[in-house]
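Reader: I am new to this one and would like a friendly tour. Could you show it to me and then take my questions?

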Amino acid sequence: MAPPTILAHKSSFLTAQTLQLSQTLAPSAAWRESNSRAAEGALSDRVVDEALYRANHTLQQHARRVYAPQASRHVAEQIEALYLEAAEKAVRGDGGAGAGGEDDAAESVGREADGEARFLRVGADFASDEVISTLPGTWDLHSPSQAEANPPEAQRYADLASSLVSLAARRKEARDRLERLRRMRDLLSPFTSADASEDGGTGLQKVQPNLVTRDGEIEKELERMRVLLVRVAARVRQLPDPERDSDGDAAMEDLDSMEQSKIEGLLHGL
């Protein structure tokens, strides 16, 4: 059984009509009997068969040229285009209806197309979430009579509708994930560098590295400070002890000033 589409129905109709017009010609049994009984002017069977052969040959050539499958399908496509154009005009409400009842009917059809039957619109975008949301799960929810008359097509519609809804849900998840990743990228943009290609593509020159690590900068500075403290302590131990005399206070002051000058020089050198 042909699927319930305009193109399929019209193609089936044209094929049936062209087959009838392309059938070979043959005289009926009554004509042959009357011809054999005729006393005068009767045609011999050889003459009849030869005339039929030529006529049928011409008929077959004519059918191949005029009733080609491509020509029949082209006519069916033109009829379908006319039907779809008329349906689109009825949906838009500009079908040229003059009476008030026809205008109301066209308006109701337009409301139905804008509402729950949006998927029936000519040229409906089945990649749109709005159209997908209006699809019934099974065709019997929209037209029980058509579903009962064409069970294979109804099952095929249910499979396609289920697949379309599933793909739409997956697309929504992918869009949400993409939006989330874009927000994360915007939040991390302050940590990126304009010359990311110069630092190996990381783009993290503006981020201070972790200093508290093995062989890090802090450990190196602490090691240098430890060496300097050892050297300073050794120099201090090499200083002479102050003498216990009347000039002790003066010597102590000179020693203090000398040590202070050494420390200042050492710190200035760092």
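**A walk through the model**

Author: Happy to! This is a predicted model, and a good place to start is a nonpolar surface patch of about 270 Å², made by Trp 31, Leu 43 and Val 47.

Reader: Where does Leu 43 of that patch lie, and is Leu 43 buried, partly exposed or exposed?

Author: Leu 43 sits in the loop between helix H2 (29-37) and helix H3 (45-66). Its relative accessible area is 44%, and a residue must be under 20% to be buried or over 50% to be exposed. Leu 43 is therefore partly exposed.

Reader: What is the distance between the end C-alpha atoms of H3, and what span should its residues give?

Author: Let's work it out from the 22 residues of H3. At 1.5 Å a residue, they should span 32 Å. The expected span agrees with the distance between the end C-alpha atoms, which is 31 Å.

Reader: Which residues of H3 are buried, and how wide an arc do they cover around the axis?

Author: The buried residues in H3 are Val 48, Leu 52, Asn 56, Leu 59 and Ala 63. They lie on the same side of H3, because the arc they cover around the axis is only 65 degrees. In general, an α-helix has 3.6 residues a turn, so residues three or four places apart point the same way. The arc asked for is 65 degrees.

Reader: Which residues are exposed on the other side of H3?

Author: Turn to the side of H3 opposite the buried residues. The exposed residues there are Arg 46, Tyr 53, Arg 54, Thr 58, Arg 64 and Arg 65.

Reader: How far apart are the C-alpha atoms of Asp 49 and Ala 26?

Author: Asp 49 belongs to helix H3 and is partly exposed, at 41% relative accessible area. Along the chain, Asp 49 and Ala 26 are 23 residues apart. Their C-alpha atoms are separated by 9.0 Å.

Reader: How many aromatic pairs does the structure hold, and which residues form them?

Author: The structure holds one aromatic pair. Its rings are 5.0 Å apart centre to centre, with 70 degrees between the planes, so the pair is edge-to-face, the class for angles over 60 degrees. The pair ties together parts that are 18 residues apart in sequence, because one partner lies in the loop between helix H6 (129-133) and helix H7 (144-149) and the other in helix H8 (residues 151-188). The partners are Trp 139 and Tyr 157.

Reader: Is Trp 139 buried or exposed?

Author: Buried means under 20% relative accessible area. Trp 139 has 18%, so Trp 139 counts as buried.

How values were computed:
Residues numbered from 1 in each chain as written. Predicted model: local features only at pLDDT ≥ 70, side-chain atom pairs only at ≥ 80, totals over all residues. Heavy atoms only, no water. Phe/Tyr/Trp six-rings, centres within 6.5 Å; stacked < 30°, edge-to-face > 60°. Helix = DSSP H or I, 4+ residues; strand = E, 2+ residues; numbered from the N terminus. Buried < 20%, exposed > 50% of the residue type's maximum accessible area, 1.4 Å probe, protein only. Patch = residues over 30% accessible without salt bridge, like charges linked within 9 Å, V, L, I, M, F, W, Y side chains within 5 Å. Areas by Shrake-Rupley, 256 points an atom, 1.4 Å probe, with all protein chains shown as cover. Salt bridge = Lys/Arg side-chain N within 4 Å of Asp/Glu carboxyl O. Expected span 1.5 Å × (residues − 1). Arc of directions from axis to C-beta.
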